[in-house]
Amino acid sequence: AVSIMEAVAVEARASIAADHPLDQPDSFGDPLDDAVLPEGPPTQVVLLERGAGALVGVDEDDLVALACRHDCVIELVHLVGDYLPHGVPVARIHGGDGKVPARALLDRIGLGVERTMAQDTAFGFRQLVDIAEKALSPAINDPTTAVQSLDRIHDLLRRLVVRAMRSGRYGDDAGNLRLVVPQTSWDDYVHLAFDEIRAFGAGSIQVPRRMRAALLDLLTVAPPDRRPVLEAQLRALDDAVRRAYDGEDERALAAQPDMQGLR
């Protein structure tokens, strides 16, 4: 289990480094962070006219060039990692002539049989959370493996908390908004990392102790705008511990931070 977790973590670290490099400014889309789509309904909706599959990649540069040719804004509907069934809306076109070739747009997104971490760092978190949940199932009852998964999750969040989050807004050379791609936010990553493990593992004393240690540590390095979701997680953890334990001594034990879970 540890070998599998570490293999996932190694790939997730590489995904973080590629998608959220440290030398980027606070926002990838500056000065387009606050750019809004044109008012009114879309002039065109592009449907998935071929097959089905997980959205594994988006060619942002080519999509911007396509939008420039048709003087429009392309708004992708789905996050990378979503599974797209046949016929689902893939993009909404705003402005322009309403004649963006569907095939030209669809050729600039990648579909696969399953998610990858190439442009989908959240998939690494998803796999680690699933490992923790399986370990915490009544049939297995292995909280130590869940703690080892939390070790990797803590490391990934510590790398992310000081890095820029993509705005998902891309412009042309003149600074006009041309493409909007949905993104996973910092809050999304934190909820993905902790919510399900807290629900499954609050009753195993190691788990809330390791979660609390991770959250308190993240608060020491989190910028102000990334602290609220961590503080909310601590409150949710307090509530879960109160529900899971009847005795005050057990509650106090479960409420202590511990980087090893239980020494």
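This report describes a sheet, a cavity, an aromatic pair and two loop residues in a predicted model.

## The antiparallel sheet

Three strands make up an open sheet, arranged in the order 4-2-6 with antiparallel pairing. Strand 4 (83-84) and strand 6 stand at the edges; each has a single partner strand, so one side of each lacks a neighbour in the sheet.

The pairing of strand 2 (residues 53-58) with strand 4 is antiparallel and runs over 2 bridges. Within this part of the sheet, glycine 53 is found opposite leucine 84 of strand 4.

## The cavity

The structure contains 1 cavity of 30 Å³ or more. The space in the largest cavity amounts to about 30 Å³. Its lining is formed by Leu55, Leu76, Val77, His78, Leu84, Val90 and Ile109. Classified by residue type, this lining comprises 6 nonpolar residues and 1 polar residue, with no charged residues.

Leu84 thus has two roles in this description: it lines the largest cavity, and it stands opposite glycine 53 in the sheet.

## The aromatic pair

Across the whole structure, the search finds 1 aromatic pair. The partners are phenylalanine 125 and tyrosine 189, in a tilted arrangement with 5.3 Å from centre to centre and 50° between the planes. Phenylalanine 125 belongs to helix 4 and tyrosine 189 to helix 6 (residues 186-201), so the pair ties together parts that are 64 residues apart in sequence.

Both rings belong to buried residues. Phenylalanine 125 counts as buried because its relative accessibility is 0%, and tyrosine 189 counts as buried at 4% relative accessibility.

## Aspartate 120

Aspartate 120 is located in the loop between strand 6 (109-112) and helix 4 (122-136). This residue is buried, its relative accessible area being 3%. When residues up to four places away in sequence are not counted, aspartate 120 touches Ser15, Asp19, Val80, Gly81 and Arg115.

## Isoleucine 205

A second loop residue, isoleucine 205, is placed between helix 6 and helix 7 (206-221). Neighbours within four places in sequence aside, isoleucine 205 is in contact with Tyr245, Leu253, Ala254, Gly261 and Leu262.

A distance along the backbone trace adds to this picture: the C-alpha atoms of isoleucine 205 and alanine 255 are separated by 8.5 Å, although the two residues are 50 residues apart along the chain.

Note on methods:
Residues numbered from 1 in each chain as written. Predicted model: local features only at pLDDT ≥ 70, side-chain atom pairs only at ≥ 80, totals over all residues. Heavy atoms only, no water. 1 Å grid on protein atoms, 1.4 Å probe; cavity = no way out; pocket = protein on both sides within 12 Å on 5 of 7 lines; lining within 4 Å. Points joined across faces, edges and corners; volume = space filled by probe spheres on them. Nonpolar A, V, L, I, M, F, W, Y, C, P; charged D, E, K, R; others polar. Helix = DSSP H or I, 4+ residues; strand = E, 2+ residues; numbered from the N terminus. Buried < 20%, exposed > 50% of the residue type's maximum accessible area, 1.4 Å probe, protein only. Contact = heavy atoms within 4.5 Å. Phe/Tyr/Trp six-rings, centres within 6.5 Å; stacked < 30°, edge-to-face > 60°. Pairing = 2+ DSSP bridges.
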